[in-house]
Amino acid sequence: MNLSDLQSKDIINIKDGKRVGSIIDVVLDSNGNLEALIVQKNKFLSSILPSKDELKVKWNQIKKIGEDVILVDVTI
């Protein structure tokens, strides 16, 4: 799977079913394994919450990578 394949998927939070945002980058460990996804938050979320526009989703927070979506378990 390529980064471009991941970037085309919607990131959905399993806690509330809402779209979190879009993947803009990934973090790899020293062995080249995926450690985290860097997600740019939805403009709606970032406009009402006083926080950074980016969210780091760690590998253990990714619950399922499907054909169209990536399900994550994060607290925003």
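Biologist: How many residues join strand 5 to strand 6 in their hairpin?
Modeller: This is a predicted model, in which local features need pLDDT of at least 70, side-chain atom pairs count only at pLDDT 80 or more, and totals for chains, interfaces and linings use all residues. Residues are numbered from 1 along each chain as its sequence is written, and side-chain values use heavy atoms, with hydrogens and water left out. Strands (E, at least two residues) and helices (H or I, at least four) are DSSP runs numbered from the N terminus, and two strands pair if DSSP finds at least two bridges between them. Strand 5 and strand 6 pair in the antiparallel sense over three bridges, and the number of residues in the hairpin connection is three.

Biologist: Which residue of strand 6 stands opposite Ile 11?
Modeller: Strand 1 (residues 10-13) runs parallel to strand 6 (residues 69-72), with four bridges between them. A residue of strand 6 that is the bridge partner of Ile 65 also stands opposite Ile 11. That residue is Ile 70.

Biologist: What is the bridge partner of Ile 11 in strand 2?
Modeller: Strand 2 (residues 19-28) is antiparallel to strand 1, and two bridges join them. The two strands form a hairpin with five residues between them, and Gly 17 in the turn has a positive phi of about 75°. In strand 2, the partner of Ile 11 is Gly 21.

Biologist: Which residue of strand 3 stands opposite Gly 21?
Modeller: Strand 3 (residues 34-41) pairs with strand 2 in the antiparallel sense over seven bridges. Opposite Gly 21 in strand 3 stands Lys 41.

Biologist: What is the order of the strands in the sheet?
Modeller: The protein chain has two helices and six strands, with its elements running α-β-β-β-α-β-β-β from the N terminus on. The six strands form an open sheet with mixed pairing, in the order 4-3-2-1-6-5.

Biologist: What is the average twist from one strand to the next?
Modeller: The edges of this sheet are strand 4 (54-58) and strand 5 (62-65), each of which pairs on one side only. Axes are lines fitted to C-alpha atoms, for helices over the stretch in contact, and angles run from 0 to 180 degrees between N-to-C directions. From one strand to the next, the twist averages 35°.

Biologist: Is Asn 13 of strand 1 buried or exposed?
Modeller: Residues under 20% relative accessible area are buried, those over 50% are exposed, and those in between are partly exposed (1.4 Å probe, protein chains only). Asn 13 lies in strand 1 and touches residues including Val 20, Val 72 and Ile 76, where contact means heavy atoms within 4.5 Å. Because its relative accessibility is 4%, Asn 13 counts as buried.

Biologist: Which backbone oxygen does the side chain of Asn 13 reach at 2.8 Å?
Modeller: A polar contact is a pair of N or O atoms within 3.5 Å; within protein, one must be able to donate a hydrogen and the other to accept it, and residues adjacent in sequence count only if both atoms are side-chain atoms. Among the residues that Asn 13 touches are Asp 73 and Val 74. The backbone oxygen reached at 2.8 Å belongs to Val 74.

Biologist: How far from Lys 9 is the nearest side chain of opposite charge?
Modeller: Lys 9 is in the loop between helix 1 (3-7) and strand 1, and a polar atom of its side chain lies 2.9 Å from the backbone oxygen of Glu 67. A salt bridge requires a side-chain nitrogen of Lys or Arg within 4 Å of a carboxyl oxygen of Asp or Glu; Lys and Arg count as positive and Asp and Glu as negative, while His and the chain ends are not counted. Lys 9 is buried without a salt bridge, and the distance to the nearest opposite charge, Asp 68, is 6.1 Å.

Biologist: Which residue forms a salt bridge with Arg 19?
Modeller: Side chains of opposite charge can pair when their charged atoms come close. Arg 19 is partly exposed, with a relative accessible area of 33%. At 3.1 Å between the closest N and O atoms, its salt-bridge partner is Asp 10.

Biologist: How many residues apart are Asp 73 and Lys 15?
Modeller: Asp 73 counts as partly exposed at 26% relative accessibility, whereas Lys 15 counts as exposed at 54%. Their side chains meet in a salt bridge of 3.5 Å, N to O. This pair links the segment after strand 6 with the loop between strand 1 and strand 2, and the separation in residues is 58.

Technical notes:
Lists of a residue's contacts leave out its neighbours within four places in sequence.
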